[in-house]
Amino acid sequence: MSMTISPYPNALGAEITGVRLSSSCDEDIIAAIKSALHEHLVLVIRDQNLDPGEQVAFSERFGELVVRVSGEFLHPDYPPVLILSNRIVDGKAEGATDAYAGSHWHSDLTYAEKPSFGSMLHAIEVAEEGGDTAWANMYAAYDALPGDIKNRIDGLNAIHIRDRRRNPRAGISENFDRDVNEYYDIKVPDSVHPMVRRHPITGLKSLYVSPRFTVAIEGVDDAEGQPLLDELFEHQKKPEFIFQHKWRRGDLVFWDNSATIHLAVGGIKPPGVRRLHRTSMAGEVPYG
Ligand SMILES: O=C(O)CCC(=O)C(=O)O
């Protein structure tokens, strides 16, 4: 079996076939995956079959895993695994639906001081229609900004928060079926990150804001800061920066959170069920 990497024609993404992922993959396979990730930002690795324990062990080959602050939707035996599922059990979704994870463009865990460096989603069940995930290339988004905006945001920091109740752009979905206050009362300090981030490995600059987590610009009053954020949020989701993935059972998608944002496109057509397992690797404090 030999691993093949085929870049997609979009602004980012590549498909990988011919490899069987496991915690005991050879070091040269891990190195090739890392290098493809730095080049393509999103890797769609086809035809995998990892149980939650194996997904944890494989993900750990790329760094320490993050366990989310809320215990909701975590796998009972493997807490680093977040279950995304719309299957209804006893009147409630058995996993996080897009009311909890992904309904607004974001990069994972930027509300934390050390956001996630990369995440993996493994498709256990897929719906016939709907449930795609989209990624956008934030190197390309930064490069395409007009010079005056680049000059304005280079060196500025933005504030990122977890609590949707404090983010009018995200808001609480009517499909939120847990206790909203219990879910968001967990105390998580807000974080401040550069609006233009230098990638810790490639050294390239990316636009590092998102409507899900970024709520304000530090030291800039809202009369000026909010319209600028609106402009950046519109800009970063232009079609030329995006790759949209239609899930196949067995896909494992591994992406770079430093230079991309992503979105749960939604629209799963009932009675379709989509179940994905997510793991996220810890990253570093971002710098500009
Ligand atoms: O459900 C999806 O398609 C995306 C999930 C997501 O945004 C996340 O896991 O952060």
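This report describes the ligand of a predicted model and the cavity around it.

Local features are reported at pLDDT of at least 70 and side-chain atom pairs only at pLDDT 80 or more, while totals for chains, interfaces and linings use all residues. Residues are numbered from 1 along each chain as its sequence is written, and side-chain values use heavy atoms, with hydrogens and water left out.

The shell around the ligand, made of residues with a heavy atom within 4 Å of it, consists of Leu84, Gly102, His106, Asp108, Asp132, Thr133, His262, Ala264, Arg274 and Arg278. Strand E8 (132-137) and strand E16 (260-266) each supply at least two residues of this shell, strands being DSSP runs of at least two residues, numbered from the N terminus.

Three side chains place a polar atom at these distances from an oxygen atom of the ligand, a polar contact being a pair of N or O atoms within 3.5 Å.

| Residue | Distance to ligand oxygen |
|---|---|
| His106 | 3.0 Å |
| His262 | 3.0 Å |
| Arg278 | 2.7 Å |

Of the 290 Å² of accessible area that the ligand has on its own, the protein covers 99%, as computed by the Shrake-Rupley method with a 1.4 Å probe.

The ligand sits in the largest cavity, which means that more than half of its atoms lie within 2 Å of the cavity's grid points. A cavity is a set of points, on a 1 Å grid over the protein atoms alone, where a 1.4 Å probe fits but cannot get out, and its lining residues have an atom within 4 Å of a point. The volume of the largest cavity, taken as the space filled by probe spheres set on the points, is about 340 Å³. Among the 28 lining residues, Arg68, Ala101, Gly102, His106 and Arg278 are the closest to its centre, and E16 gives the most to the lining, with three residues.

How values were computed
A polar contact is a pair of N or O atoms within 3.5 Å; within protein, one must be able to donate a hydrogen and the other to accept it, and residues adjacent in sequence count only if both atoms are side-chain atoms. On a 1 Å grid over the protein atoms alone, a cavity is a set of points where a 1.4 Å probe fits but cannot get out, and a pocket is an open set with protein on both sides within 12 Å along at least five of seven lines; lining residues have an atom within 4 Å of a point. Helices (H or I, at least four residues) and strands (E, at least two) are DSSP runs, numbered from the N terminus.
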